[in-house]
Amino acid sequence: MSAATAPAAASDATPALRCRGLVKHYGDVKAVDGIDFEVPRGTCFGMLGPNGAGKTTTMEMIEGLTPPTAGRIELFGHSWGEGHDRELRRRLGVQLQETRLPEKLTVTELLRLFRSFYPGGRSVEEAIRVVQLEEKRDARLEKLSGGQKQRLSLATALVGDPELLFLDEPTTGLDPQARLSIWEIVEDFRAHGGTVLLTTHYMDEAAHLCDRLVILDHGKVIAAGTPAELVASLGADQIVELAIAGDGDGEPSVDRFGGLAGVRSVTLRDGRLVLSVTAIAQALPALLQLLEREKLALASLTTHQATLEDVFVGLTGRGLRET
């Protein structure tokens, strides 16, 4: 970030963003139903949840694109409609979930256009360099790949040298290499003092980028904390998933697997048993002995370290990308 527009010192106790009792109704639909959180300056804050959880609606209210039904939003201590709107917009950078840009413009022409919207900010060449599109500066948008278009969209949000950057599902549909490129840009922005508000339905993205996050479901915050704190809330180190071949009872009985050594809890998901395990060295032998004793054949068995995805499944009973 340039010295002229660098954010206030870290000692400033005023958060970059504060939401209190945020509500948004569309007729009888409660898209957002009483959300509270704060985003300290210089951090990356994530909002996770499935489609329809209220992430984008919350983001649009914070960005000033749609008014809340109730509640209060403060950006750097100010709220929309109280005489500070022009100042606030200069301090924000926004990448929408879906952006339609003029396909016939070149990368340089488009960024020159967006740069003209701000009284200060980065040079067009600097913005191109930050998103690593130097070799495409004279290419028309219609010739760019999906990952290059997403990086260009991010450059339009960065060209004004914002203090607070909004990213609404910035890597959806991108291949792994393109996703990593976006992650590097976000990490660099934060490393230079910027604040990021990120929505995503990729748990690995949230775990990698976010200092703190909230998990939303049906317009409500159902969990909040650091990625490590949320994973620790499961009380399990490992997750064991298994499917039983030819179980005559149809779906396998959860009760049959209750009380195994080293197993904290057992749930059923899509016909598969999901065991939250605190001691894998005890749980696996006990599980295999039970299967042999009950004459049950395994169709499959997998284990993995507990993740944010497991937190979400434990809270809601479904996967993050299930709608």
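## Two neighbouring helices and some unpaired cysteines

Helices H3 and H5 run roughly parallel to each other, because an angle under 35 degrees counts as roughly parallel and theirs is about 25 degrees. Keep in mind as you look around that this is a predicted model. Below, we visit this helix pair and then turn to the cysteines, where the structure holds zero disulfides.

**How H3 and H5 pack**

- To find the pair, look for H3 at residues 107-115 and H5 at residues 146-158.
- The axes of H3 and H5 lie 9 Å apart.
- The crossing of these two helices, H3 and H5, is right-handed.
- On the H3 side, the contact is made by Val 107, Leu 110, Leu 111 and Phe 114.
- H5 contributes Leu 152, Ala 155 and Thr 156 to the contact.
- Sorted by type, the residues where H3 meets H5 comprise six nonpolar, one polar and no charged.

**The cysteines**

- With zero disulfides in the structure, Cys 19 is in none, and the nearest cysteine sulfur to it, that of Cys 210, is 15 Å away.
- Cys 19 is buried, and its relative accessible area is 0%.
- Why does Cys 44 not form a bond with Cys 210? The sulfur of Cys 210 is the closest cysteine sulfur to that of Cys 44, but at 4.1 Å it is too far for a bond, because a disulfide needs the two sulfur atoms within 2.5 Å.
- Cys 44 also counts as buried, at 1% relative accessibility, because buried means under 20%.

Methods: Residues are numbered from 1 along each chain as its sequence is written. This is a predicted model: local features need pLDDT of at least 70, side-chain atom pairs count only at pLDDT 80 or more; totals for chains, interfaces and linings use all residues. Side-chain values use heavy atoms; hydrogens and water are left out. Buried means under 20% relative accessible area, exposed over 50%, partly exposed in between (1.4 Å probe, protein chains only). Axes are lines fitted to C-alpha atoms, for helices over the stretch in contact, and angles run from 0 to 180 degrees between N-to-C directions. Helices (H or I, at least four residues) and strands (E, at least two) are DSSP runs, numbered from the N terminus. Angles under 35 degrees count as roughly parallel, over 145 as roughly antiparallel, 65 to 115 as roughly perpendicular and the rest as oblique. A crossing is left-handed if the near helix is turned anticlockwise from the far one by less than a right angle, and right-handed if clockwise. Contact means heavy atoms within 4.5 Å. Ala, Val, Leu, Ile, Met, Phe, Trp, Tyr, Cys and Pro count as nonpolar, Asp, Glu, Lys and Arg as charged, and the others, Gly among them, as polar.
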